Every structure is written in structure tokens, then in C-alpha cells.
Amino acid sequence: MSKPKVFEKPIGVKDYLPHAVVKLRQIENQVLACMSSWGYEQIMTPTMEYYDTVGVASSTSDQKLFKLLNNRGTTLVLRSDMTAPIARVVASVLKDVQFPIRLSYHSNVFRAIEEEAGREAEFFQTGVELVGDASAEADAEVVALAIASLKAAGVSRFKIAIGHVGFLNGLFEEALPGQTEAQEELKAYLLGRDYVGYRECLRGLTLSEQMRLELEGIIRLRGGQEICDQAMALSLDATAQASIKHLCEMWDVLDAYGVREHVLIDLTMIGDFKYYTGMTFEGYAADLGFPVASGGRYDNLLQQFGRPAPATGFAIKTTRILELIGDAAGEASEQKILIGYDAEGRQAALAKARELRESTEESAAVVVMTERMDAAAQLATQDAVNTADGGPLQYKGVTFTKLLTYFGGAQGGTAK
């Protein structure tokens with residue numbers, strides 16, 4: 001393998017330039033503020049974890065984990081999600097805190113998927129975990145909060161698709177009792193949204209014509225509460241029935257939250273983590289093929305850390321939202337003031353800059369930059385003031401909304 005060039009970086013990672021960082025932080029702060037208003041407290045966990053604890057519990061396949069050895073020969077991993085690290089914290093550091101526990105986070109996570117086109121090996125997530133509540137109310141709360149968080153992030157057109165792992169488990173066990181491999185193959189097709197492959201797989205199984213048609217029919221089970229009624233008639237399996245009842249209860253709570261217009265029931269929804277045990281959901285924004293949010297219930301994960309408890313949560317793909325809405329809004333909302341000065345005007349100019357930076361009215365929304373200028377630069381900026389026609393001011397490739405000059409001790413300037 002050839003040595004990488006000095007300007008190259010690993011596949012699957014990217015640089016975020018200033019305007020993108022401004023918008024990324026804006027999204028992060030707005031979403032975390034929304035989560036805080038719902039009673040979720042922010043937590044931070046290490047970038048590296050032990051493979052034998054968090055790495056195994058994460059349910060991310062070994063092929064997608066970044067592994068490394070410390071100086072003692074112990075295998076570590078870069079965190080591949082935030083749910084398993086938070087489960088570790090809840091079961092250890094927070095073991096004496098009474099349930100339910102509501103935690104939020106914003107972190108970068110890592111998955112070794114460089115060979116998959118268009119996928120990122122490092123990306124940012126903002127999310128929550130609600131630990132210690134097994135009710136449909138808790139699941140509805142995290143879905144309603146996901147909707148509020150997407151709105152806070154600036155996403156206006158989106159849908160949340162909700163399913164339940166238990167429904168598919170019960171339905172497939174009733175149709176294919178004991179045929180674990182066949183059941184898992186069908187789930188894999190549904191997870192990949194490969195409905196052609198799903199139908200072909202059904203045709204290759206020993207099923208009655210009626211059962212095959214019923215299993216094919218779940219692809220069309222998308223909509224509102226009427227989908228629950230149709231699903232109840234599909235299977236008499238106790239697990240499937242209990243799962244649909246749970247979704248019906250969630251639907252009533254989401255109605256009370258006033259967010260039903262953003263939600264649809266999709267009984268092919270299965271979730272991409274094996275630790276999901278119940279409700280799962282994904283959020284899709286208009287004009288973007290990948291989900292911008294996902295989550296679900298994982299009632300068995302915490303027992304791996306010695307503190308069994310039900311839990312539910314979600315994560316917003318912050319970097320995908322950045323791709324969706326771009327960084328133009330962050331740039332447009334920012335005011336930049338340039339203060340130019342010469343030796344004689346230095347003291348007054350820097351005093352003015354300090355005043356602007358310390359002003360409670362200005363500091364949150366204004367960037368103040370100062371620069372000592374030579375004669376040519378002074379002339380150029382003075383010409384910009386004299387010939388300004390209401391357009392933006394440009395200096396060394398940067399656009400400014402206001403220019404103040406302190407040349408020869410005299411102040412001048414213009415505001416745009």
C-alpha cells in the first residue's frame with residue numbers, strides 16, 4: 001500500500017469548514033436546549049471503551065468496530081453508538097439514582113464502513129435515553145421529543161415511521177415455527193427495504209398460499225390507527241397481539257401530544273440494532289434518502305451491565321441534518337464587524353473592539369475582528385466606505401456587515 005499524501009485523510013471522515021461548524025453547533029445547541037426543556041440532562045462519555053464491555057454490548061458487528069490496543073495489550077474500541085456507553089454509566093456511576101433517568105448527549109461516533117459508498121466512518125449524533133420506564137407513555141414521549149428536536153434543528157418536512165420488533169417476531173414464529181434461519185432472512189430483507197427479495201424468499205418457503213399472501217401483505221401495512229386493527233386480525237400469536245396493543249396505546253398518547261400528523265405506523269420497521277426489543281422508529285426528511293433520526297426500546301441491554309431496567313431512546317443524525325439544510329443559514333445570521341486602524345488610531349480601535357465584545361447586546365450575535373492596516377489597505381477600506389451602495393463589504397476574502405476605521409485618530413465607517 002502506498003504512503004498517503006500529506007493532504008489526504010482516511011476514507012469515511014471529513015473536514016468541517018468554519019461556516020459548516022457554525023451551523024453544526026447551532027443545530028446541536030438548539031436540539032440540546034429542546035431536550036433540556038423536556039427534563040433531559042446532558043452527559044458525556046469517553047471516546048474509547050473496552051471491547052469486552054461496551055464494544056460487545058453495542059450490538060455493532062465486529063467488522064464495523066474500530067479496535068485498538070492500549071499499552072497493556074487490552075482491546076479498546078472507539079464508541080460505535082451512545083446507547084451502550086450510557087447503559088454502562090447508568091448501571092455503575094448512576095447506580096444509586098432512582099428511575100426513571102432522562103439523559104441527553106451530543107457526540108461523535110465511529111463505524112468502520114469505509115467500503116460502503118456514501119457512508120461516513122465518523123459522524124455526529126444528538127439524542128436521549130429514557131431509562132427505567134417500560135410504558136407506552138415513555139415510548140410516546142421519546143417519539144414526541146424526536147419530533148420536537150427535528151423541528152428545533154430546522155427540519156420542517158418529515159415523517160416518523162413506527163414499528164414493533166415483537167409484531168414481526170410473533171408473526172414469523174406463528175407462520176414459520178422453529179425456522180429461525182428463515183425468520184432472520186425475512187427480517188434482513190425488511191431491514192434493507194428489499195421488498196423484491198422479501199417476496200422471493202417467501203415463495204421459496206413451504207407456506208400455504210393464504211399465509212404467503214398474508215406475509216406479503218404486511219409490506220402494505222402503513223398508515224394510522226386503522227393499521228393496528230388490521231394487524232390484530234393477522235396473527236393470534238400472544239407476542240404479536242401485545243405488540244400491536246402497545247402501538248395502539250402509543251398512538252393515543254401521541255394524539256394527546258398533538259403530533260400525529262408527523263407519525264405513521266409501519267409494521268415492517270425492525271430497527272438496525274439487535275438490542276431492540278420493542279417499539280422502533282425512523283424519521284425521514286423530505287428530499288433526503290437516509291433517515292435523519294432513529295430509535296427504539298431496548299429492555300435487555302442494561303442487564304449486561306448488572307442493573308436490569310427497561311429503556312427507550314433515539315438519536316438524531318446531526319451531520320445528515322447539516323447536509324439537508326446546509327450551512328447558509330448559519331452564515332447569514334452572523335454579523336461581522338471589521339475594525340481597521342493605524343498606529344495613531346490603535347488605542348481607540350482596540351477599546352471599541354473590547355466594548356463591542358463585552359456588550360451583552362452584541363456579543364452573542366456579532367463577530368468583531370481587528371487589523372492594523374498599511375497605507376494601501378487604509379485607502380481600499382476608505383474607498384469602500386465612500387463608495388458603499390448598500391452591498392456587503394469585502395476585505396481579504398471575508399464579507400463584513402459593518403466597517404469601522406480609526407486612521408490618524410479619526411473614526412469613520414459604514415454599516416450594511
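Helices (H or I, at least four residues) and strands (E, at least two) are DSSP runs, numbered from the N terminus. This is a predicted model, where local features need pLDDT of at least 70 and side-chain atom pairs count only at pLDDT 80 or more, while totals for chains, interfaces and linings use all residues. Residues are numbered from 1 along each chain as its sequence is written, and side-chain values use heavy atoms, with hydrogens and water left out.

**Exercise 1. Place Arg 199 and find its contacts.**

Task: Work out which helix holds Arg 199 and which residues Arg 199 is in contact with, leaving aside neighbours within four places in sequence.

Solution:
- Start with the element: Arg 199 sits in helix α7.
- Next comes cover. Buried means under 20% relative accessible area, exposed means over 50%, and partly exposed is in between (1.4 Å probe, protein chains only). Arg 199 counts as partly exposed because its relative accessibility is 27%.
- Now contacts, meaning heavy atoms within 4.5 Å. Once neighbours within four places in sequence are set aside, Arg 199 has Glu 216 and Ile 219 as contacts.
- One distance to try in your viewer: from Arg 199 to Tyr 189, 10 residues apart in sequence, it is 9.1 Å from C-alpha to C-alpha.

**Exercise 2. Check two backbone oddities.**

Task: Say where Arg 193 is found, and which residue is joined to Pro 100 by a cis peptide bond.

Solution:
- A bit of background: most residues other than glycine have a negative phi, and most peptide bonds are trans.
- Arg 193 isn't a glycine, yet its phi is positive, at about 55 degrees.
- Look for Arg 193 in the loop between α6 (180-191) and α7 (195-203). With 30% relative accessibility, Arg 193 is partly exposed.
- For the peptide bond, the partner is Phe 99: the Phe 99 to Pro 100 bond is cis, with omega about 0 degrees.
- Pro 100 itself lies in the loop between α3 (83-91) and β5 (101-110).

**Exercise 3. Walk along helix α5.**

Task: Decide how many of the 11 residues in α5 are buried, then see what Gly 170 touches.

Solution:
- Helix α5 runs over residues 165-175, and eight of its 11 residues are buried, so the helix is mostly covered.
- The buried set is Val 165, Gly 166, Phe 167, Leu 168, Gly 170, Leu 171, Phe 172 and Ala 175.
- Zoom in on Gly 170, which belongs to α5. Its relative accessible area is 3%, so Gly 170 is buried.
- Not counting residues up to four places away in sequence, Gly 170 touches Ser 235, Asp 237, Thr 239 and Ala 240.
- Ser 235 is 65 residues along the chain from Gly 170, and their C-alpha atoms are 7.8 Å apart.

**Exercise 4. Find the cavity and its lining.**

Task: Which residues line the largest cavity, and which helix gives the most to that lining?

Solution:
- First, the rule. On a 1 Å grid over the protein atoms alone, a cavity is a set of points where a 1.4 Å probe fits but cannot get out, and lining residues have an atom within 4 Å of a point. Grid points are joined across faces, edges and corners, and a volume is the space filled by probe spheres set on the points.
- That gives one cavity of 30 Å³ or more, and the largest cavity has a volume of about 40 Å³.
- Its lining is Ile 162, Leu 247, Met 250, Trp 251, Leu 254 and Ile 265.
- Helix α10 (residues 238-257) gives the most, with four residues.
- Two of the lining residues, Trp 251 and Ile 265, also turn up as contacts of Gly 224, not counting residues up to four places away in sequence.
- Gly 224 is in the loop between β8 (222-223) and α9 (226-232), and at 12% relative accessibility Gly 224 is buried.

**Exercise 5. Step back to the whole protein.**

Task: How many helices and strands does the protein have, and what share of its 416 residues is buried?

Solution:
- Count the elements: there are 14 helices and 18 strands.
- Buried residues make up 48% of the 416.
- For the extent, the C-alpha trace spans about 90 × 55 × 50 Å along its principal axes.
- Finish with contacts: of those between residues at least 6 apart in sequence, 69% join residues at least 24 apart.

Definitions and conventions
1 Å grid on protein atoms, 1.4 Å probe; cavity = no way out; pocket = protein on both sides within 12 Å on 5 of 7 lines; lining within 4 Å.
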